[in-house]
Amino acid sequence: MDHFPTNWGRPRNDAFDAYGTYPIHQRPQNGPKDAFSAGVQRTQQPIVTGTSVIAIKYKDGIMMAADNLASYGSLARFKDVQRLHPVGDNTVIGAGGDMSDFQYIQTLLNELDIEEYTAQDGHSLGPAEIHEYLSQVMYARRSKINPLWNSLLVGGVKNGTRFLAYVDLLGTTYSASTLATGYGAHIAQPLLRTAVEGFEDVLTEEQALKIIENSMKVLFYRDARSLNKYQVATITKDGVNISESKHLETSWSFAEGIRGYGAQTQ
Amino acid sequence: MTSIGTGYDLSASTYSPDGRIFQVEYANKAVENSGTAIGLKVKDGIVLAVEKLVHSKLLVPEANRRIQTIDRHIALATAGLLADGRQLSNRARDEATNYRETYNSPPPLKAVADRLGLYVQAYTLYSSVRPFGISTILGTVDQDGPALFVVEPSGVFFGYNGAAVGKGRQLAKTELEKLKLPELSLREAVIEAARIIYLVHDDAKEKEFELEMSWIGPESNNLHVHVPKDLFDEAEAKAKAALETFE
Amino acid sequence: MTQPVQQAFNPYTENGGTILAIAGADFSVIAGDTRQSEGYSIQTRYAPKVFRLTDKATLAVNGFAADGNMFVKKVRQRLEWYRHAHAKDMPIRAIARLIQTMLYARRFFPYYVYNILGGIEEDGTGAVYSFDPVGSYEREACRAAGAAQSLVQPFLDNQIYFKNQTPAPGTSFPKHLPLFTVLPLVIDSFTSATERHIEVGDGLEIYVVLAKNSDSLQGLQAIGGIQEVTANTDGERTFVIRRDLKKD
């Protein structure tokens with residue numbers, strides 16, 4: 001998966017600003033020019049974006065994390081944004097990609113939740129139902145060539161069953177015991193797989209948190225669109241808990257000693 | 001019924017010479033034939049109770065509920081034609097959803113009652129339709145505290161501290177007036193609500209009935225839910241006991 | 001100075017993986033790996049690409065996963081409606097034509113998926129139908145599709161159709177192979193594709209559809225971890241075999 005939300009859903013093209021150095025809306029265009037461009041409706045693009053979301057299964061349920069940053073291109077624009085959102089009593093969704101589209105998704109889910117609540121028929125929406133709903137919405141929007149520019153993780157526990165799945169702007173879905181969106185799909189996912197695959201039923205909450213913290217730290221070191229302030233959601237049979245924002249302890253002193261590239265000559 | 005045979009009662013769009021709309025008055029009659037519904041507003045919440053007349057022993061218990069949920073924090077109880085109640089509650093949900101879409105905040109009850117009033121009133125204007133045969137009690141708890149409204153078939157709505165509609169409303173109102181509503185706890189209000197419903201039920205004339213009660217308050221996290229089973233049972237038992245001492 | 005123009009949103013992607021199906025005289029085998037990927041990333045090690053439709057028909061779908069899942073959902077919906085209207089399962093040749101119609105209906109915004117339908121015809125013979133994304137289809141004895149089609153199809157041509165082989169003097173090649181020969185071919189196809197193609201691997205799901213009263217069941221006895229998924233055991237029967245493939 002490409003870690004620049006701007007490139008999601010577009011053909012891979014190395015000629016595009018690979019380092020994301022331009023504000024998102026004025027990136028260089030290397031493709032063929034459309035003579036009728038003025039008369040053609042522009043396809044939307046992400047503007048204010050969130051980066052990775054990561055999540056794992058562990059003994060008691062699901063643990064998910066995302067940092068509090070919403071970027072405007074390479075500008076760290078909003079630094080107190082919550083990207084984990086509880087839905088009903090058993091589910092959390094985490095979003096990367098366009099934050100205004102994510103807010104719209106939140107209002108959609110709120111409406112759905114109220115509709116379900118007012119029916120008062122003894123049914124409630126669990127993580128599987130919410131994921132299916134989101135999949136249908138995301139696929140329908142991509143089919144109208146008007147996508148919601150996000151990749152979402154849906155995690156939860158209902159009736160003793162853990163659920164963790166992904167859906168993105170194309171309507172692509174999948175499920176696994178470790179998931180990561182955006183840059184995390186490259187950096188965190190291998191770490192998560194090593195730590196979790198085969199241990200889903202034995203990892204304790206403390207161990208799971210260690211794994212999540214470590215991945216968030218690596219992401220902060222390596223992802224230029226990330227922040228050292230993040231939240232962790234845990235979903236167990238007892239319900240949903242989304243933590244206060246946590247700060248990562250990082251050390252950069254090693255950078256002093258690095259020679260051989262950059263501005264230093266000696 | 002002086003109206004009968006004069007021709008002024010054939011349409012909701014026609015006044016009688018003395019300025020009445022008979023179709024609306026007939027709609028009120030439909031309400032009067034229905035089991036009683038009451039609403040109590042106390043300091044930190046509201047309680048709704050309904051005397052649901054059971055016309056057949058074959059009916060599934062707790063089916064055909066007359067108390068419905070409009071939004072997380074809004075309750076609605078009707079007295080009158082059951083189907084009209086359904087129609088109005090669906091409309092109320094749409095209005096609540098629409099309010100949220102427009103203002104991105106939970107609808108205040110006054111806004112919902114206002115819109116429902118307009119909707120009900122529109123059915124008193126045309127010869128092609130019949131007015132709603134229901135009176136509706138609406139209750140909520142929001143940041144401004146609890147609120148209680150009644151929407152009548154004419155489309156008017158008023159705010160109340162205690163409300164009663166349907167067959168036994170007169171006696172129920174008398175009982176409600178005796179209560180010091182602002183001083184009651186929500187749990188006490190549930191006990192009183194059950195007592196009043198049992199009191200106004202006329203078992204000489206009516207068959208079986210089922211008590212239906214819901215509340216909104218701190219114990220329900222300000223959400224509209226059924227009264228918890230243990231409290232419900234306690235209230236019902238006390239209501240039956242009170243009935244014996246009353247007689 | 002050229003104005004920067006945004007590149008259009010691309011509603012498609014490729015999710016890798018490979019599927020194949022082989023028809024026998026009275027059985028059909030439909031198989032697919034379970035890896036789902038995008039670019040160099042493995043999205044999940046288990047995302048099924050082969051779906052039992054009825055007791056006599058199983059569909060493998062490969063290409064853009066979101067389209068594939070939606071397409072299977074719609075096909076299943078149509079089959080359910082058929083069942084409600086006619087109180088029986090749709091015959092496989094009718095399912096094949098239905099799939100063509102559904103694919104062609106989206107001729108100008110196609111489902112980006114290659115479909116292979118396997119199962120048993122009304123005359124009891126094993127059948128494989130293969131489709132392109134816009135609905136061209138034909139009945140065949142075997143077909144591979146997906147990321148490793150170019151690796152698997154020539155192998156199948158050689159081993160099933162005996163292409164580039166000459167029979168020993170005085171003998172001829174069999175028209176249909178028995179199940180106990182076909183299953184190892186399927187497994188070998190996928191282990192080999194896993195070795196040589198990065199988008200293939202993790203897991204293998206093989207569906208076997210047997211005609212009513214087929215004695216090919218004997219060939220299945222030897223296979224471990226086989227599981228029956230038949231709804232009504234008085235007619236055609238469907239089995240699934242799950243195996244591991246290399247995860248690197």
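Chains B and C make no contact with each other, and their closest C-alpha atoms sit 28 Å apart. The model discussed here is a predicted one. Two pairs of chains do touch, and of these, chains A and C share the most contacts.

Chain A is a good place to start. Its secondary structure comes to four helices and 14 strands. The chain has 266 residues, and 51% of them are buried. If contacts in chain A are limited to those with a separation of 6 or more, 64% join residues 24 or more positions apart.

Two strand residues of chain A give a closer look at this part of the model. A:Ala55 belongs to strand β2, which covers residues 53–58 of chain A. With a relative accessible area of 0%, A:Ala55 is under the 20% cut-off and therefore counts as buried. Once neighbours within four places in sequence are set aside, A:Ala55 is in contact with A:Met63, A:Met64, A:Leu153, A:Leu164, A:Ser177, A:Thr178, A:Leu179 and A:Leu192. As for A:Asp67, it is 12 residues from A:Ala55 in sequence and 12 Å away in space, C-alpha to C-alpha.

A:Asp67 turns up again around the other strand residue, A:Lys229, as one of the residues that A:Lys229 touches. The rest of that list, which leaves out residues up to four places away in sequence, is A:Asn68, A:Lys79, A:Asp80, A:Ser245, A:Lys246 and A:His247. A:Lys229 itself is in strand β12 of chain A, residues 229–236. Charged side chain or not, A:Lys229 is buried, at a relative accessible area of 17%.

On to the helices of chain C. Helix α1 (residues 65–86) and helix α2 (residues 92–104) of chain C have axes that come within 11 Å and cross at roughly 130 degrees. That angle falls outside the parallel, antiparallel and perpendicular ranges, so α1(C) and α2(C) are oblique to each other. The crossing of α1(C) and α2(C) is right-handed. On the α1(C) side the contact is made by C:Phe71, C:Lys74, C:Val75, C:Arg78 and C:Leu79, which meet C:Ile95, C:Leu98, C:Ile99, C:Met102 and C:Leu103 of α2(C). By type, the residues of this contact split into eight nonpolar and two charged, with no polar ones.

Aromatic rings come next. Over all chains, a search of the whole structure turns up 18 aromatic pairs. One of them joins B:Tyr119 and B:Tyr123, with ring centres 5.4 Å apart and planes at 65 degrees; planes over 60 degrees apart count as edge-to-face, so this pair does too. B:Tyr119 is buried at 13% relative accessibility, whereas B:Tyr123, at 23%, is partly exposed.

The pair of C:Phe162 and C:Phe173 is stacked, because the ring planes are at 5 degrees, under the 30-degree cut-off, with the centres 4.2 Å apart. Both C:Phe162 and C:Phe173 lie in the loop between α3 (149–159) and α4 (179–196) of chain C, so the pair ties together parts that are 11 residues apart in sequence. Here too one partner is buried and the other partly exposed: C:Phe162 has a relative accessibility of 15%, and C:Phe173 has 29%. Back in chain A, ring pairs link A:Phe220, A:Tyr221, A:Trp252 and A:Phe254 into a cluster.

Methods:
Residues are numbered from 1 along each chain as its sequence is written. Chains are lettered from A and ligands numbered from 1 in the order in which they are written. This is a predicted model: local features need pLDDT of at least 70, side-chain atom pairs count only at pLDDT 80 or more; totals for chains, interfaces and linings use all residues. Side-chain values use heavy atoms; hydrogens and water are left out. Axes are lines fitted to C-alpha atoms, for helices over the stretch in contact, and angles run from 0 to 180 degrees between N-to-C directions. Angles under 35 degrees count as roughly parallel, over 145 as roughly antiparallel, 65 to 115 as roughly perpendicular and the rest as oblique. A crossing is left-handed if the near helix is turned anticlockwise from the far one by less than a right angle, and right-handed if clockwise. Contact means heavy atoms within 4.5 Å. Rings of Phe, Tyr and Trp (its six-membered ring) pair if their centres lie within 6.5 Å; planes under 30 degrees apart count as stacked, over 60 as edge-to-face and the rest as tilted. Buried means under 20% relative accessible area, exposed over 50%, partly exposed in between (1.4 Å probe, protein chains only).
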